[in-house]
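Here is a short set of exercises for a newcomer. Have the structure open, try each task yourself, and then read the solution.

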Amino acid sequence: MPESKVTLNLAISVGEVLLKSGGEIYRVQETVSRILEAYGIEDYHVFVITNGIFATVYEQREDAGSMVRYVPIGEVNLQRVAEINQLSREICEKKCSISEAFERLEQCRNSYSEGKLAMIFACGVGSAGFCYLLGGRPYDSMVSFFLGVFLEIFLILAANYHASRFLMNILGSALVTAGSLLLFAAGAGILSDKVVIGGIIPLVPGVALTTAIRDLFNGDYLSGSIRMIDALLTGMCIAIGVGGVIKIFQLMGGGAFLL
Amino acid sequence: MTDQILISMAATIAFAVLFHVPRSEYLLCGINGAVGWMVYLFCISKGTGTVLASIWAALVLTLIARILSAVRKMPSTVFLITGIFTLVPGSGIYYTSYYLIMNELEQCAAKGMETFKIAGAIVLGIIFGLMLPQSWFNRLGRVCSKK
């Protein structure tokens, strides 16, 4: 393989990991371009959108190379974003040969991340915390903690079945609402609205919203719109899940469960 | 007040774990989230309403995230994404669908509008925060790394 292609492969693979882990478009574009430049490629074009990277080098020459990567929206992993950032900084300072860079990239792909138990616990703590911040009592946030734990377990199980994100959001928020209303109906004396709000916080599209704004701000209107629509639809899915369950309880209880 | 600070910090750190933030940055993420929430509460207590409070809080959060990112040599996304969760209108989504189901359409429309306004306010706050030139933050980072 000509060297230009090896370099292109490295740059675009780095970009792929970065994009998948939740990096902004301009960061990916900048990183890919800088890596290509650092290894002495002058004539290149890079185009990045939310779920794909396109790049060509030396279009007019014998050793021309072009690559396209499809990058589905993946799980946010900010540790990888930070590591890639560090890697690209070192490449730009010419401290890293191509083969070393490939090794580092492979390490980064398999880098340690928190285990499932820690994630489940964190989800519970997040739910409990927000329940309290938004006006719940300590007792309510305790209930919210358990709903958050169940929600994360559900999300992990659903991810194994490759469930669509719409379905996961609708069912996830429905699960939280149903749990809270069941406890309320059983006479647990909770403020069920605060408990539900705490419980659905892990589903709320904060990442999509933030990334959308940053993309739009940097002039990547197409990618920004994709993320914005993602945030909007996720919000709607949560509303559908919550509303649907409240409606079912209302019909079953004939108004006895009015909150 | 202390409980609000501690709990907003704990909740932000919980999200830092969920998004796989590097462990060394957990505490800073938590502080950023807590400061954002404090600004929000302060504005609310001064009677600004939720929308203006969200703008201010998002602005402060973004600036702190950029300062931290320069000092710690981390992408600013790390601090921004985790911090912003304290402001995202989760309760708005809940009450909008609740009033819709209860057929209280006036309340539903009001809550729905408020949710969109808060989301818009966060957008504005972040954009104002991003407008300051990066070179200022880079200089700050260089000053700090010299020490």
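**Exercise 1.** How many bridges join strand β1 (residues 44-49) of chain A to strand β2 (residues 52-57) of chain A?

*Solution.* A word on the source first: this is a predicted model, in which local features need pLDDT of at least 70 and side-chain atom pairs count only at pLDDT 80 or more, while totals for chains, interfaces and linings use all residues. Residues are numbered from 1 along each chain as its sequence is written, and chains are lettered from A and ligands numbered from 1 in the order in which they are written.

Step 1: recall that helices (H or I, at least four residues) and strands (E, at least two) are DSSP runs, numbered from the N terminus. Two strands pair if DSSP finds at least two bridges between them.

Step 2: go to β1(A) and β2(A), which run antiparallel and are joined by 6 bridges. His45(A) has Thr56(A) as its bridge partner, and Phe47(A) has Phe54(A).

Step 3: look at the turn, where 2 residues separate the strands of this hairpin.

**Exercise 2.** Find the order of the strands in the open sheet of chain A.

*Solution.* Step 1: start from β2(A), which 6 bridges join to strand β3 (residues 65-70) of chain A in an antiparallel run. Gly52(A) is opposite Tyr70(A), and Ile53(A) is opposite Arg69(A).

Step 2: put the pairs together to get an open sheet of 3 strands in the order β1-β2-β3, with antiparallel pairing. In chain A, β1 and β3 are the edge strands, each pairing on one side only. From one strand to the next, the twist averages 5° (axes are lines fitted to C-alpha atoms, for helices over the stretch in contact, and angles run from 0 to 180 degrees between N-to-C directions).

Step 3: compare the faces of β2(A): Ile53(A), Ala55(A) and Val57(A) form the covered one, and Gly52(A), Phe54(A) and Thr56(A) the uncovered one.

Step 4: see what crosses the sheet: α1(A) lies across β1, β2 and β3 of chain A, at about 160° to β2(A).

**Exercise 3.** Work out how helix α1 (residues 3-20) of chain A packs with helix α2 (residues 25-38) of chain A.

*Solution.* Step 1: take the geometry, an angle of about 160° with axes 9 Å apart. The two helices are therefore roughly antiparallel (the term covers angles over 145 degrees).

Step 2: list the contact residues, where contact means C-beta atoms, placed from the backbone, within 7 Å. Among them are Leu10(A) and Val14(A) of α1(A), and Val28(A) and Ile35(A) of α2(A).

Step 3: sort them by class, giving 10 nonpolar, 3 polar and 1 charged residues. Here Ala, Val, Leu, Ile, Met, Phe, Trp, Tyr, Cys and Pro count as nonpolar, Asp, Glu, Lys and Arg as charged, and the others, Gly among them, as polar.

**Exercise 4.** Which residues does each chain bring to the contact of chains A and B, and how many?

*Solution.* Step 1: count 44 residues from chain A and 38 residues from chain B.

Step 2: find the largest share of chain A's side, which is the 10 residues of α5(A).

Step 3: split that side of chain A into 27 nonpolar, 12 polar and 5 charged residues.

**Exercise 5.** Is helix α4 (residues 77-84) of chain B largely enclosed or open?

*Solution.* Step 1: apply the cut-off for buried, 20 or more other C-beta atoms within 10 Å of a residue's own, with C-beta atoms placed from the backbone.

Step 2: check the helix, where 8 of the 8 residues are buried, so α4(B) is largely enclosed by the rest of the structure. Phe79(B) is one of these buried residues.

Step 3: identify the cover, which includes α3 and α9 of chain A.

Key: Contact = placed C-beta atoms within 7 Å. Parallel < 35°, antiparallel > 145°, perpendicular 65-115°, else oblique. Buried ≥ 20, exposed ≤ 12 C-beta atoms within 10 Å, placed from the backbone.
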